[in-house]
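Colleague: Hi! Could you walk me through this model while I have it open? I'd like to begin with the ligand.

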Amino acid sequence: MQETIPNFETDNKVLLIEDNPGDARLVEILLSESDLLNCKITHKTTLFDGMSALEASDDYAAILLDLSLPDSRGFETLIKLLDRFPNNNVIVLTGHADKVLGVKAVQAGAQDFLVKGLFDSELLAKTLRFSIERNSVLKRLEETQRIAKIGNWEYNPSTKLFTASNEVYRIFGYPPRKTNFSFNDLENPEHPFHIFYKIHEETISSNNKLLRKDIRIKQIKGDNRYVFTQCSINKNSENNLVFSGIMQDITERKQAEQEMVKSQERYQDIFSKSKDAIYICTFDGKFTDFNRATAILTGYSQPELRSLNVKDLFADLEFWDDFERNVKDGVSVKDLEVSVQNKNGETQYCLLTASKIETEDFVGYNGILRDITESKQAEELRKARDVARQSAMLKEQFIASISHEMRTPMNAILGMSNLVLKTSGLSDEQENYINSIKQSSEILLGIVNDILEIATLQNGKIKFENHDFDLHELLANLVNVMSYKVNEKDLNFELNIDERIPRFLQGDKLRLNQILYNLVGNAIKFTDAGFVRIGVELLNESSGSVHIKFKVQDTGIGIPEDKVGAIFETFTRIRTKDRLFEGTGLGLSIAKNLVEYQGGKIWAESTLGQGSTFFFDLILETAINEDGATDTPKKDEIVILGEDASFRLLLVEDHKMNQLVARKTLERQWGNIDITIADNGKIATELLAEHTYDIVLMDIQMPIMDGYEATQYIRNKMPEHVATMPILAMTAHAHISKDEKFKEYGMDDFVLKPFEPEQLFKKISKYVNKNR
Ligand code: ADP
């Protein structure tokens with residue numbers, strides 16, 4: 001807002017309100033004769049016109065007022081004027097006879113009075129000069145008040161006259177100098193100025209008749225302002241009590257103060273409610289302030305903390321010197337990982353954030369400790385899990401490669417044993433020894449298979465088939481295979497099948513067989529007299545599926561009560577004092593995994609010395625199509641080629657011993673077979689390019705070019721008649737049957753090493769036949 005700066009030296013305007021032209025003329029002459037050169041007179045002849053002039057301009061230095069005007073006569077004239085314009089210098093002009101009136105006028109608020117005919121130019125000039133001077137002082141005061149936002153007022157209860165400076169009006173939102181309020185307004189509770197009434201009341205009742213306080217006022221438009229007010233009661237020259245007060249607008253300061261309080265409260269709130277430990281301390285390590293979380297994190301009480309050094313909180317102080325130097329240099333530290341040791345000696349992982357505080361009377365820093373123990377632990381668990389996964393993977397790879405490495409030489413041992421057994425002229429003793437070698441190798445092979453199986457199961461990488469099968473046939477086969485051993489030990493062997501169970505079911509026949517084989521095998525192994533009894537019971541039947549319980553009972557050595565639960569664990573075997581039983585402690589663990597993966601449960605009951613019963617239950621679907629449920633259809637039964645069959649076979653194999661085993665085994669079966677041997681895939685492809693063969697037996701793991709690569713080369717890069725020839729994979733990788741990778745690479749089928757001669761002959765016959 002721009003305001004014109006008043007010029008106090010020039011343009012001293014004087015308003016003359018006088019209806020008598022002679023009197024008016026006289027004033028003008030006297031003034032022109034005086035030394036007040038810069039006075040300008042505005043002349044009005046009625047009170048109304050005079051007040052209109054004052055309304056229009058508020059910079060009259062003085063008003064010369066005749067009390068008898070056409071529209072107002074006597075003392076009233078002054079009161080009317082002062083009522084409207086209380087802050088003006090009014091000099092009353094009275095007649096000779098009205099001198100008393102002049103005195104009364106001064107008492108009522110006029111500045112002075114002049115008696116017509118009795119003043120000369122000198123007196124007029126003196127009176128006016130005083131007014132001009134007073135006006136200029138008032139203007140300066142007003143200016144000062146405006147800048148300081150301080151207004152003052154005065155109230156005289158005996159005259160009921162209330163006068164207030166412009167700033168008071170401004171504070172209340174009124175335009176200055178335009179309004180004046182009366183005692184009535186002060187008494188009206190609706191009026192903004194009613195506050196003065198209250199201030200006066202309070203001043204009277206205050207101790208030493210002096211009131212000082214911050215109060216809230218309402219502006220004309222309803223806005224609130226805060227003011228500091230001071231009011232006192234004094235006696236004026238007439239010995240009347242007069243209230244005089246000042247009022248300062250302190251709204252901005254008050255708002256700033258309130259903001260400050262609020263933000264302090266907010267800070268305090270954050271400080272006290274924070275889950276992070278927040279503290280302030282000196283560089284000597286003394287705590288000057290800390291929140292509740294600090295006490296919680298450290299486990300120390302408040303007094304304990306006060307007596308501690310900050311350094312005592314940390315379990316490891318390696319970071320300290322760097323940290324302290326940084327903070328002292330004013331470099332903020334953010335999220336530094338530290339370990340805090342609490343009162344109980346437990347270590348917590350925290351992130352420390354700190355920055356320097358420097359004020360007139362304090363130098364130190366604030367620290368914030370965020371507890372990350374939990375997330376740290378989670379991270380460590382995650383790391384441990386990753387390591388575990390990694391090592392599980394390594395274990396699997398290790399087991400797979402170990403079992404491969406063991407199977408390869410075992411193939412040679414078994415194959416050679418078979419070959420030796422077929423030679424003529426062996427003594428009984430020799431035949432015995434060879435048979436022992438063969439049996440031991442078979443046991444070893446079984447162990448290798450078990451280990452591989454358990455590794456697969458533990459990695460959860462097992463898939464189950466779901467085919468129709470004949471339950472009766474499966475159990476009959478099992479009894480058949482096992483009866484040899486049962487007979488050997490002279491045990492009773494029984495099979496009971498609940499008649500209500502449908503004969504044709506759906507599921508993984510091989511896995512079910514494997515479980516039963518394990519349990520029955522154990523039962524026979526650990527029983528010397530009595531019986532082994534297999535039972536199958538129906539637990540429940542619903543449309544499309546049956547819930548069956550299998551039971552294998554024996555009268556063997558039994559299991560100590562406290563060990564029954566443990567036998568399903570990997571590698572658990574119960575020690576027996578006087579006898580040694582073969583085994584690895586893997587069979588039951590495999591069985592348990594197989595049962596549980598299919599949604600069943602396995603358990604055992606046993607009495608030491610009396611026998612054991614093993615149970616497991618499975619839910620199996622009933623077969624959709626009973627016809628398809630029989631084993632491999634008889635009509636497709638592969639007939640092994642006759643002994644005189646003649647065909648050319650390419651054997652691709654790098655292991656010399658196994659080359660010999662395969663060659664001899666095959667030649668023994670087929671006298672006319674023509675076998676060529678290639679040491680690796682590369683040589684095989686070269687031979688295939690030059691010669692014709694009926695079938696290829698391809699090892700997988702070989703140097704230079706492996707079996708997969710060679711097969712792909714043959715299938716994709718060689719002439720039609722070569723590309724379409726039968727290729728049988730031959731491998732010691734036991735899992736090949738499960739992942740069917742050999743098919744992806746274009747091989748027709750596979751034989752597992754060590755091979756069962758029968759199996760090998762059948763597969764070769766199948767593909768050689770096909771191609772004829
Ligand atoms: P393995 O038979 O190869 O040792 P298993 O996992 O099949 O391994 O069996 C674990 C152990 O449980 C056996 O070593 C034996 O102590 C005990 N066990 C299993 N079946 C029987 C049984 N029918 N009677 C007595 N003990 C048994």
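Modeller: Happy to. One term before we begin: a polar contact here is a pair of N or O atoms within 3.5 Å. Also keep in mind that this is a predicted model.

Colleague: Thanks. So how far is the ligand from the side chain of Asn522?

Modeller: An N or O atom in the Asn522 side chain sits 2.8 Å from an oxygen atom of the ligand.

Colleague: And which atom of the ligand faces the side chain of Asp554?

Modeller: That one is a nitrogen atom, 2.9 Å from an N or O atom in the Asp554 side chain. Ile574 uses its backbone instead: an N or O atom there lies 3.0 Å from an oxygen atom of the ligand.

Colleague: How much of the ligand's accessible area does the protein cover?

Modeller: On its own the ligand has 530 Å² of accessible area, and the protein covers 96% of that.

Colleague: Which elements give two or more residues to the shell?

Modeller: Helix H16 (509-525), helix H17 (587-597) and E24 do. H16 gives the most, with three residues.

Colleague: How many residues surround the ligand, and what kinds are they?

Modeller: There are 20 residues around the ligand, and Thr584 and Leu588 are among the closest. By type, the shell has nine nonpolar, eight polar and three charged residues.

Colleague: Let's switch to the strands. What does E20 pair with?

Modeller: E20 pairs with strand E18 (residues 467-470) in the antiparallel sense, over four bridges. Phe469 stands opposite Leu505 of E20 there. E20 is also joined to strand E24 (residues 611-622) by two bridges, again running antiparallel. In that pairing Gln506 is opposite Glu621.

Colleague: Which way do the residues of E20 point, and are they buried or exposed?

Modeller: Phe504 and Gln506 point one way from the strand, while Leu505 and Gly507 point the other way. All of them are buried.

Colleague: New topic: what is phi doing at Lys149?

Modeller: Phi of Lys149 is near 55°, a positive value in a residue other than glycine. Lys149 lies in the loop between helix H5 (121-148) and strand E8 (150-156). Its relative accessible area is 33%, so Lys149 counts as partly exposed.

Colleague: And where is Lys209?

Modeller: Lys209 is in the loop between helix H8 (194-205) and strand E10 (210-218). Lys209 has a positive phi too, about 55°, although it is not a glycine. With a relative accessible area of 38%, Lys209 is partly exposed.

Definitions and conventions
Residues are numbered from 1 along each chain as its sequence is written. This is a predicted model: local features need pLDDT of at least 70, side-chain atom pairs count only at pLDDT 80 or more; totals for chains, interfaces and linings use all residues. Side-chain values use heavy atoms; hydrogens and water are left out. Buried means under 20% relative accessible area, exposed over 50%, partly exposed in between (1.4 Å probe, protein chains only). Two strands pair if DSSP finds at least two bridges between them. A residue is near a molecule or strand if one of its heavy atoms lies within 4 Å of it. A polar contact is a pair of N or O atoms within 3.5 Å; within protein, one must be able to donate a hydrogen and the other to accept it, and residues adjacent in sequence count only if both atoms are side-chain atoms. Accessible areas come from the Shrake-Rupley method with a 1.4 Å probe; for residues, only the protein chains shown count as cover. Ala, Val, Leu, Ile, Met, Phe, Trp, Tyr, Cys and Pro count as nonpolar, Asp, Glu, Lys and Arg as charged, and the others, Gly among them, as polar.
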